[in-house]
Amino acid sequence: MRNDLNPNLCDNSIQYLAERFPELNIKQIATALGINDKLMYQYANGSKNPGPERRKEVEDYIHKLAEELLKTTL
C-alpha cells in the first residue's frame with residue numbers, strides 16, 4: 001500500500017482512491033453505482049476527471065462499504 005499519495009495533490013480523487021487502495025475493485029464499484037465500468041476505469045487511471053456530484057456519489061459508496069466492513073466479524 002502506497003503511503004506517499006496525497007489526495008490534496010491529486011486533481012482526480014477517484015484516481016487517488018484507486019492508487020491508494022488497489023484492493024478495491026473498480027468494476028464492482030461502477031456496477032454498484034450504475035456507472036459504466038469503462039468510464040469508471042477512465043476516472044481511476046486519470047484519463048477523465050469526475051465532476052463533484054460523481055465524486056460525492058463514489059465517496060458515499062466507499063463510506064457505506066467501510067461501515068459494512070467495520071460490522072464484519074470473522
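In the next few minutes I will go through the charged and aromatic side-chain contacts of this structure, which is a predicted model.

Let me begin with the salt bridges, of which the structure holds 3. One of them joins the side chains of Lys27 and Asp37, with a nitrogen-to-oxygen distance of 3.9 Å. Because Lys27 belongs to helix α2, residues 26–33, while Asp37 belongs to helix α3, residues 37–45, this pair ties together parts that are 10 residues apart in sequence. As for the surroundings, Lys27 counts as partly exposed at 40% relative accessibility, and Asp37 is also partly exposed, with a relative accessible area of 23%. That value stays in the partly exposed class because buried would mean under 20%.

Turning to helix α4, which covers residues 52–70, we find Glu57 and Arg54 lying 3 residues apart, about one turn of the helix, and forming a salt bridge whose closest N and O atoms are 3.0 Å apart. Glu57 is partly exposed at 29% relative accessibility, and Arg54 is partly exposed with a relative accessible area of 24%.

Helix α4 also contains Lys56 and Asp60, 4 residues apart and again about one turn of the helix, and their salt bridge has its closest N and O atoms 2.9 Å apart. Here Lys56 is partly exposed at 42%, as is Asp60 at 39%.

Finally, what do we find when we look for aromatic pairs across the whole structure? The search returns 0 such pairs. There is, however, a contact between a charge and a ring, in which the charged end of Arg20 sits over the ring of Phe21, 4.8 Å from its centre.

How values were computed:
Residues are numbered from 1 along each chain as its sequence is written. This is a predicted model: local features need pLDDT of at least 70, side-chain atom pairs count only at pLDDT 80 or more; totals for chains, interfaces and linings use all residues. Side-chain values use heavy atoms; hydrogens and water are left out. Rings of Phe, Tyr and Trp (its six-membered ring) pair if their centres lie within 6.5 Å; planes under 30 degrees apart count as stacked, over 60 as edge-to-face and the rest as tilted. A charge sits over a ring if NZ of Lys or CZ of Arg is within 6 Å of the ring centre and within 35 degrees of the ring normal. A salt bridge is a side-chain nitrogen of Lys or Arg within 4 Å of a carboxyl oxygen of Asp or Glu. Helices (H or I, at least four residues) and strands (E, at least two) are DSSP runs, numbered from the N terminus. Buried means under 20% relative accessible area, exposed over 50%, partly exposed in between (1.4 Å probe, protein chains only).
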